Every structure is written in structure tokens, then in C-alpha cells.
Amino acid sequence: HSGCAAIHPHVRNLTDVQLRDLASAGGVVGIVFCTPFLDGEAAALERSERQSEAYRSLSHANETGLFHLQADHLQATLPPLCLDRVVDHVLQAVEVCGIRRVGVGSDFDGIQRRPAGLEDASCYGNLAQALLQRGLDEDDVCAVMGGNMARLFRAVTA
């Protein structure tokens, strides 16, 4: 799961060359919902906030509890990243490697800040609607929202 370096050159994002290589190998990129991977301004705001006294003073008896406190703080303190930014990454990946090679890789279990409208898995319909509004047809949206990953999993576990 990753984003597109052509939109935001984060170290974890894939270049167009990498996306084409992934597609030619039969893979599927799962576009992540991790805001620092998706947008430069969002990444800078988060880096800055992580240095704040309010963030640094958060504490909890265990690492999981601290992770959730930090996530709640970032989500409440920083402006939300627009859902359209996720759609930008999906459409860039579709343009570069084709509709059959793009899915979603939310990473809800490992991110602390989520785009507006994608706060949890119950919000996937918001992404599907946004993809429809940006020009994908229903079959393509179904492919991105899970069909491509399901096809890949069937192929590799057959």
C-alpha cells in the first residue's frame, strides 16, 4: 500500500516507473489513506505538530494506548485532508498502471490521521461515491474498491 510519488514525492510513495513495473508483474497497488503519504502540506503540518509540547506531553501506560491518544490529538488538532486527495492518488495510479492494477490499502490499523470522510472502514462508500463523481464507472469503482484485490488473492492462492 502506497501513494503516487507524482502527486507527493514521499519516500514511501511509488514512482510512475515503479507503478508500471508493479502492473507488468501482475500486482495491485493499494492506495493508502495515511495523510503524510498523500499530501506535502499535510505531512509538514503533522511533523510540526509532533514537535509541539501538547503532542510530546501525551502519555499512557502502554504503547497502544499512547498511539491512540496521539491519533486522537492529531485528528482533533490538524485540519482534515480532503477526500479528493485520496481520489487524486487513485486516478493517478489508474492512469499509469490501468484500472485492473489499483485498489485501496487503507492501513487503518497503522495510521494516526485519516482523511475527512475516511475516518474508518464504515466510510468506504464516501470514497466510492467520490470516484464515481470524478469519472470512474460503477464497474471500475467496484474493481478499485475490492475487486482487483480479490482477483489478485484468488490468483496467488489458487
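So, where does Asp 107 lie? Asp 107 sits in the loop between strand S2, residues 102–104, and helix H7. Keep in mind, by the way, that this is a predicted model. What caught my eye is the backbone there: Asp 107 has a positive phi of about 65°, and it is not a glycine. For background, most residues other than glycine have a negative phi.

Okay, staying in that loop. Gln 112 is also found between S2 and H7. Is Gln 112 buried or exposed? Gln 112 counts as buried because its relative accessibility is 7%, and the cut-off is under 20%. What does its side chain talk to? A polar atom of the Gln 112 side chain lies 3.0 Å from the backbone oxygen of Phe 67. And if you skip residues up to four places away in sequence, Gln 112 touches Arg 50, Tyr 55, Phe 67, Gln 70, Ala 71, Leu 74 and Gln 75. So Phe 67 turns up in that list of neighbours too.

Right, on to helix H6, residues 83–97. His 89 is in H6. At 0% relative accessibility, His 89 counts as buried. Who is around it? Leaving out neighbours within four places in sequence, His 89 is in contact with Gly 3, Cys 4, Ile 7, His 8, Asn 13, Ile 31, Phe 37 and Leu 38.

Now, H6 packs against other helices, and I've got two pairs for you. Two packed helices are described by the angle between their axes and the distance between the axes. Take H1, residues 16–24, with H6: the angle is about 65° and the axes are 9 Å apart. H1 passes H6 in a right-handed crossing. On the H1 side, the contact is made by Asp 16, Leu 19, Arg 20 and Ala 23, and on the H6 side by Gln 92, Ala 93, Val 96 and Cys 97. Those residues split into five nonpolar, one polar and two charged.

The other pair is H6 with H7. Here the angle is about 60°, with the axes 10 Å apart, and H6 passes H7 in a right-handed crossing. From H6 you get Leu 83, Val 86, Val 87 and Val 90, and from H7 you get Asn 126, Leu 127, Ala 130 and Leu 131. How do the residues of this contact divide? Seven are nonpolar, one is polar and none is charged.

A word on cysteines, since somebody always asks. The structure holds zero disulfides. For Cys 34, which is in no disulfide, the nearest cysteine sulfur is that of Cys 4, and it is 14 Å away. Cys 97 is in no disulfide either, with the sulfur of Cys 4 nearest at 7.5 Å. Both distances miss the cut-off, because a disulfide needs the sulfur atoms within 2.5 Å. As for accessibility, Cys 34 comes out at 11% and counts as buried, and Cys 97 also has 11% and counts as buried.

Last stop, Asp 137. You'll find Asp 137 in the loop between helix H7, 124–133, and helix H8, 138–157. Asp 137 is partly exposed, at 42% relative accessible area. Which backbone nitrogens does the side chain of Asp 137 reach? One is that of Asp 139, at 3.1 Å, and another is that of Asp 140, at 2.8 Å.

That's my tour. Happy to take questions.

Terms used
Residues are numbered from 1 along each chain as its sequence is written. This is a predicted model: local features need pLDDT of at least 70, side-chain atom pairs count only at pLDDT 80 or more; totals for chains, interfaces and linings use all residues. Side-chain values use heavy atoms; hydrogens and water are left out. Helices (H or I, at least four residues) and strands (E, at least two) are DSSP runs, numbered from the N terminus. Buried means under 20% relative accessible area, exposed over 50%, partly exposed in between (1.4 Å probe, protein chains only). A polar contact is a pair of N or O atoms within 3.5 Å; within protein, one must be able to donate a hydrogen and the other to accept it, and residues adjacent in sequence count only if both atoms are side-chain atoms. Axes are lines fitted to C-alpha atoms, for helices over the stretch in contact, and angles run from 0 to 180 degrees between N-to-C directions. A crossing is left-handed if the near helix is turned anticlockwise from the far one by less than a right angle, and right-handed if clockwise. Contact means heavy atoms within 4.5 Å. Ala, Val, Leu, Ile, Met, Phe, Trp, Tyr, Cys and Pro count as nonpolar, Asp, Glu, Lys and Arg as charged, and the others, Gly among them, as polar.
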